[in-house]
Amino acid sequence: MRRKLLLNRQGPKRGFDASEMVAFRNIAQYNRAQQMKSDFHRRSVASRFSAAAPTYDHTAKVQLGVALKLMRFFTDVPNPARVLEIGCGTGLLTQLLADRFPGVEIEGIDLAKDLVRMASHRFAGNSNVSLHVADALTYRPGRLSQVIASSSTFHWITPLKDLFRTGAGMLKPD
């Protein structure tokens, strides 16, 4: 009889709590289950935000407020050569970044294709802004950025530690 590895959300556990525990035969099986859960979560988030795209801008009052507050941190920042925005959505923060840093290359990514489509219409005449449907955990930009900006996005990304690891690799060293 094979021994089963008992895991909770934090990893291996000696005690048994039926509400938190799931039985796995090995760590590879556990990792596959976690990946499937994460993939499902990303697809679910992308589809829900895409479905909300037509009404997003006029209902995103809180998100706009957060983006405006975030921009206060950029008041004394010299113009970077390039900014990467994670979770660009319809381009609310992207517009604020473009206004604050005129002429700076801004690249925005988002999981929700319909939000990116709306943002692309907003920036159709701006050659400094490029937008892509992409997952922040797996995206590899063609060029590194001096600034990574994001507003009202990180709480949707799991596992968050992977985002910080990936994001660090997207920053241009000083």
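**Close-ups of a predicted model**

**View 1. Helix 4 (113-122) carries the exposed residues Lys113 and His121 on the face turned away from its buried side.** Helices (H or I, at least four residues) and strands (E, at least two) are DSSP runs, numbered from the N terminus. Buried stands for under 20% relative accessible area, exposed for over 50%, and partly exposed for anything in between (1.4 Å probe, protein chains only). This is a predicted model, in which local features need pLDDT of at least 70 and side-chain atom pairs count only at pLDDT 80 or more, while totals for chains, interfaces and linings use all residues. Residues are numbered from 1 along each chain as its sequence is written, and side-chain values use heavy atoms, with hydrogens and water left out. Now for the other face: Leu115, Val116 and Ala119 are the buried residues to look for in helix 4. They sit on the same side of helix 4, because they cover an arc of only 95° around its axis; the arc is taken from the directions that run from the helix axis to the C-beta atoms. As a reminder, an α-helix has 3.6 residues a turn, so residues three or four places apart point the same way.

**View 2. The largest nonpolar core is built from 19 residues.** Such a core is a set of buried Ala, Val, Leu, Ile, Met, Phe, Trp, Tyr and Cys residues joined through side-chain atoms within 4.5 Å. Phe74, Val83, Leu97 and Leu131 have the most contacts inside this one. At least two core residues come from each of helix 2 (61-71), helix 3, helix 4, strand 6 (129-133) and strand 7 (147-149). Helix 3 gives the most, with four residues. Zoom in on Val83 and you'll find that, leaving out residues up to four places away in sequence, it touches Leu97, Val104, Glu105, Ile106, Glu107, Ser145, Val147 and Ala149; a contact here is heavy atoms within 4.5 Å. Apart from the largest core lies another, of 10 residues, including Leu84, Ala136, Leu163 and Met170.

**View 3. Thr94 sits in helix 3 (residues 92-100).** Thr94 has a relative accessible area of 0%, so it counts as buried. Its side chain makes a polar contact of 2.3 Å with that of Glu85. A polar contact is a pair of N or O atoms within 3.5 Å; within protein, one must be able to donate a hydrogen and the other to accept it, and residues adjacent in sequence count only if both atoms are side-chain atoms. Beyond four places in sequence, Thr94 touches Glu85, Cys88, Ile106, Phe123 and Val129.

**View 4. Two aromatic pairs turn up in a search of the whole structure.** Phe74 and Phe101 form an edge-to-face pair, 5.7 Å centre to centre with 85° between the planes. Rings of Phe, Tyr and Trp (its six-membered ring) pair if their centres lie within 6.5 Å; planes under 30 degrees apart count as stacked, over 60 as edge-to-face and the rest as tilted. This pair links distant parts of the chain, 27 residues apart: Phe74 is in the loop between helix 2 and strand 4 (82-86), and Phe101 in the loop between helix 3 and strand 5 (105-110). Phe74 is buried at 10% relative accessibility, and Phe101 is buried at 1%. Phe154 and Phe164 also pair edge-to-face, at 5.8 Å centre to centre and 85° between the planes. Phe154 is in the loop between strand 7 and helix 5 (160-168) and Phe164 is in helix 5, so this pair ties together parts 10 residues apart in sequence. Phe154 is partly exposed at 28% relative accessible area, as is Phe164 at 46%.

**View 5. Leu137 is in the loop between strand 6 and strand 7.** Leu137 counts as buried, at 11% relative accessibility. Its C-alpha atom is 8.1 Å from that of Ile157, which is 20 residues away along the chain. Not counting residues up to four places away in sequence, Leu137 touches Arg42, Ile157, Thr158, Pro159, Asp162, Leu163 and Thr166.

**View 6. Strand 1 (residues 5-8) has the lowest mean pLDDT among the elements, 48, and strand 6 the highest, 97.** pLDDT is the predictor's confidence in each residue, from 0 to 100. Over residues 1-9 it stays under 50, and the model has 31 contacts beyond four places in sequence for them. Where pLDDT is low, the predicted coordinates should not be read in detail. The protein averages 82, and 78% of the residues score at least 70.
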